[in-house]
Amino acid sequence: MTALTILINAFENALELPISEINDSLEYNSHKKWDSTAHMILIAQLENDFDVMFDIDDIIDMSSFVKAKEILLKYDGKISF
Amino acid sequence: MDWDKLIELPIYQLNKADKMPIFNEHLIQLAQHHYQQSENYRDIINFLYQGSVFENEVPALAVRLFKHHLLKSINDKDIFKITTSSGTTSQQVSRIVLDKENISRQQKILVKIVQQWLGRKRLPMLIIDHPNVIKDKFSYSARGVGIQGLSLFGHHHTYALNEDMTLNMNAIEEFFEKYTAEPVFIFGFTFIIWQYFIQALKKEKTKAQFCLRNATLLHSGGWKKLQEQAVSNQEFTAQCQQVLGKVNVHNFYGMVEQTGTIYVECELGYLHCPVWSDVIIRSKKDLTPEKNGVEGIIQVNSLLPTSYPGHALLTEDLGVLLGEDDCACGRKGKYFRVNGRLAKAEVRGCSDTQA
């Protein structure tokens, strides 16, 4: 699986969203399903799937699908989206 | 207000002479902002003070005003979230109007303060509650907000209780076995920890003792129910340590009306004021400031609220100012103790919602 597929699957599982809605325009809190509760579930999912441990500042900063990609790249230089 | 600079202030290191000029200047600016932006706030101030205000003192609003009025200093289109205080259905709850900017500021300040006590690293986290407390939107009050806010500081979040508030022994034992040796973070509301965790664990016959080596337990939500059972803070801490092992126990005081600026108890058992807020103890008779050591009504001032006029609030709690800049723990700023609720005030602490 490519990193992008893993990322999309993580969003799909954590936020319970159809894949069609997971794209670069997806933003925290602009979608009803991505609220503060779902956010921590998403964080746990991403940490599990990418085997990383985010800093608190990055958890707060992860405010969109695009931002999630940026932050993950910081932790794992080997992946690409 | 220059938050880029304000947020960098050292949290417990400024003494009165360094803090108060900065704090007062910004509090007055904030009061003027709310006076301009909130019609309700302007009406209240004009009625009570005929407009001659904010020169050197910012008046406090009674916290219960937020139960009866939706006070806001932003346009409706900018309202992002309205949080409510804890309270059962029969009670009126406070409603706090927030925009994105205010939420983000609350979160950043909370991070700054909590990291002083937990360190910068996220820790395995045991939450003394049941998982549905954050899922069920109906009970999503201060209890859910509190758990969620503090979840940020943990990873591998584990809930210690089942939905019927019984112990989830499998989850607890698994957590303690896995993380016995490393630093862990335990969070919950005071009464729930006492009744449904510590007391329940003591009743468990199989294995009522754990030996954590490096845990930090933060708890909050009010002492009313424990005072009824005559459980002191010292007793609470002692029993937590007896059952769990080596654990640093810190109570903290805070309220949904000023989310972000919490007052954490130091090693000596005193609540400490962070640099972005101030505490004034006022006389029960005439609301003049009380001397150190004398019980009065707690007023909390905070620089955080911009979307609602909650910058200066007279609470319904009683407390005692113990000193300023001279706590033996080494932290600067005011330190105080909370004694309980003002008589006749309703039961309202977060942990008291589980009757």
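This passage describes the confidence of chain A, the overall dimensions of chain B and one helix pair in chain B.

The structure is a predicted model, and within it chain A averages a pLDDT of 92, with 100% of its residues scoring at least 70. Among the elements of chain A, the highest mean pLDDT, 96, belongs to helix α4 (residues 65–75) of chain A, whereas the lowest, 91, is found for helix α2 (residues 36–50) of chain A.

Chain B contains 11 helices and 14 strands, and its C-alpha trace extends over about 65 × 45 × 40 Å along the principal axes. A compact globule of 355 residues would be expected to have a radius of gyration near 20 Å, and the value of 20 Å computed for chain B therefore agrees with that expectation.

Within chain B, the axes of helix α9 (residues 190–203) of chain B and helix α11 (residues 233–244) of chain B come within 10 Å of each other and cross at roughly 45 degrees. Because angles between 35 and 65 degrees fall outside both the roughly parallel and the roughly perpendicular ranges, α9(B) is classed as oblique to α11(B), and the crossing of the two helices is left-handed. On the side of α9(B), the contact is formed by B:Trp194, B:Ile198, B:Leu201 and B:Lys202, which meet B:Phe236, B:Gln239, B:Cys240 and B:Val243 of α11(B). Classified by residue type, the contact between α9(B) and α11(B) comprises six nonpolar residues, together with one polar and one charged residue.

Key
Residues are numbered from 1 along each chain as its sequence is written. Chains are lettered from A and ligands numbered from 1 in the order in which they are written. This is a predicted model: local features need pLDDT of at least 70, side-chain atom pairs count only at pLDDT 80 or more; totals for chains, interfaces and linings use all residues. pLDDT is the predictor's confidence in each residue, from 0 to 100. Helices (H or I, at least four residues) and strands (E, at least two) are DSSP runs, numbered from the N terminus. Axes are lines fitted to C-alpha atoms, for helices over the stretch in contact, and angles run from 0 to 180 degrees between N-to-C directions. Angles under 35 degrees count as roughly parallel, over 145 as roughly antiparallel, 65 to 115 as roughly perpendicular and the rest as oblique. A crossing is left-handed if the near helix is turned anticlockwise from the far one by less than a right angle, and right-handed if clockwise. Two residues are in contact if their C-beta atoms, placed from the backbone, lie within 7 Å. Ala, Val, Leu, Ile, Met, Phe, Trp, Tyr, Cys and Pro count as nonpolar, Asp, Glu, Lys and Arg as charged, and the others, Gly among them, as polar. The radius of gyration is taken over C-alpha atoms; the globule rule is 2.2 Å times the number of residues to the power 0.38.
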